Amino acid sequence: MLENIKAFVLDMDGTIYLGNELFPFTKDFLSRVEETGRKFYFFTNNSSKSQQAYIEKLSNMGIAISKEQMMISSHVMIRFLLENHPGKSVYVVGTPSLLNEFRSFGIPLVEEDPDIVVLGFDTTLTYEKLSRACHSIRNGCIYYGINPDLNCPMEGGTFIPDCGSMARLVEASTGRYPEFFGKPSKYTLNYMIQETGYRPDEIAIVGDRLYTDIAVADQSEVTSILVLSGESTLKDVENGDIKPDLIVKDLSEITREL
């Protein structure tokens, strides 16, 4: 199944590292990908940090990549806004890093009377930001979410609430749930295909979550590979509707097959 794969698009948290701890098998996998003439890219649903922050985090772990190799969910959202809502004002519920990412693309950000509310993974969330967003959403503002993840995995097998959980809180207050643009949306799948330049049947998406990493490739020619080094378990696969094309313990099993 991997013979025709020319590009691997890798999730990060739970796939190549947990929190700030790189898995011991990650570098061997990346080296093997390059040795066999293939390419690797990273895609993270975590919208709390900028593209450059992830590039620097990987660099500190001994992994040097180009900007083209680092894809983030917020860029999928930004591209959609630029193409479909040019010039519209946006209130972003997010970290300072996320807001700067929007500004760098010329998105007009406001705090009052926005045309659009965008909910990101905000580790700096305050009641004031939440209240402001709910007020605009309740009054009929266009409402989008960046990534639907309920939890973000951390070291030691722990988790913290992610953007999807925040969206449920907003839903409880406003009755509205956003359209999401990170994995598993088809916006993200199309973004990956466009950015890598490969055909769908030449791409493998690798990740640890069934409802994001694996679901994004569902009903497409892209190969999905579930690693059991993060959130999802074999029991989740048995009980769920989303089925990966391959299931491996971790990246080391793929390394041996390349």
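Me: At what angle do the axes of helix 3 and helix 7 (residues 186-196) cross?

Reply: In this predicted model, where residues are numbered from 1 along each chain as its sequence is written, the two axes come within 10 Å and cross at roughly 95 degrees. Axes are lines fitted to C-alpha atoms, for helices over the stretch in contact, with angles from 0 to 180 degrees between N-to-C directions. Local features need pLDDT of at least 70, side-chain atom pairs count only at pLDDT 80 or more, totals for chains, interfaces and linings use all residues, and side-chain values use heavy atoms, with hydrogens and water left out.

Me: Why is helix 3 called roughly perpendicular to helix 7?

Reply: The crossing is at roughly 95 degrees, and angles of 65 to 115 degrees count as roughly perpendicular, so helix 3 is roughly perpendicular to helix 7.

Me: What makes the contact between helix 3 and helix 7?

Reply: On helix 3 the residues are His75, Val76, Arg79 and Phe80, and they meet Tyr187, Thr188, Tyr191, Gln194 and Glu195 of helix 7; contact means heavy atoms within 4.5 Å. By class there are four nonpolar, three polar and two charged residues. Here Ala, Val, Leu, Ile, Met, Phe, Trp, Tyr, Cys and Pro count as nonpolar, Asp, Glu, Lys and Arg as charged, and the others, Gly among them, as polar.

Me: What does helix 3 (residues 73-84) pack on?

Reply: Helix 3 touches strand 4 and strand 5 of a sheet, and its direction makes about 65 degrees with that of strand 5. That open sheet has six strands in the order 5-4-1-12-13-14, with parallel pairing. Helices (H or I, at least four residues) and strands (E, at least two) are DSSP runs, numbered from the N terminus.

Me: How do you know that strand 4 (residues 39-44) pairs with strand 5?

Reply: Two strands pair if DSSP finds at least two bridges between them. Three bridges join strand 4 to strand 5, so the rule is met. Along this pair, Thr44 stands opposite Ile72.

Me: Why are strand 6 (90-93) and strand 11 (179-180) said to stand at the edges?

Reply: Each has a single partner strand, so one side is left without a neighbour in the sheet. Their open sheet of four strands has the order 6-7-8-11, with parallel pairing. Four bridges join strand 6 to strand 7 (residues 116-119), and Val93 has Leu119 as its bridge partner. Helix 5 (residues 127-138) lies across strand 6, strand 7 and strand 8 (142-145), at about 140 degrees to strand 6.

Me: What makes a space in this model a cavity?

Reply: On a 1 Å grid over the protein atoms alone, a cavity is a set of points where a 1.4 Å probe fits but cannot get out, and lining residues have an atom within 4 Å of a point. Grid points are joined across faces, edges and corners, and the volume is the space filled by probe spheres set on them. The count comes to one cavity of 30 Å³ or more, and about 100 Å³ lies in the largest cavity. Of its 14 lining residues, the closest to the centre are Asp11, Asp13, Asn46, Asp149 and Arg209. The lining divides into two nonpolar, four polar and eight charged residues.

Me: What makes Lys183 and Asp113 worth a look?

Reply: Most residues other than glycine have a negative phi, and most peptide bonds are trans. A cis peptide bond joins Lys183 and Pro184, with omega about 15 degrees. Asp113 has a positive phi of about 50 degrees although it is not a glycine, and lies in the loop between helix 4 (96-104) and strand 7.

Key. On a 1 Å grid over the protein atoms alone, a cavity is a set of points where a 1.4 Å probe fits but cannot get out, and a pocket is an open set with protein on both sides within 12 Å along at least five of seven lines; lining residues have an atom within 4 Å of a point. Angles under 35 degrees count as roughly parallel, over 145 as roughly antiparallel, 65 to 115 as roughly perpendicular and the rest as oblique.
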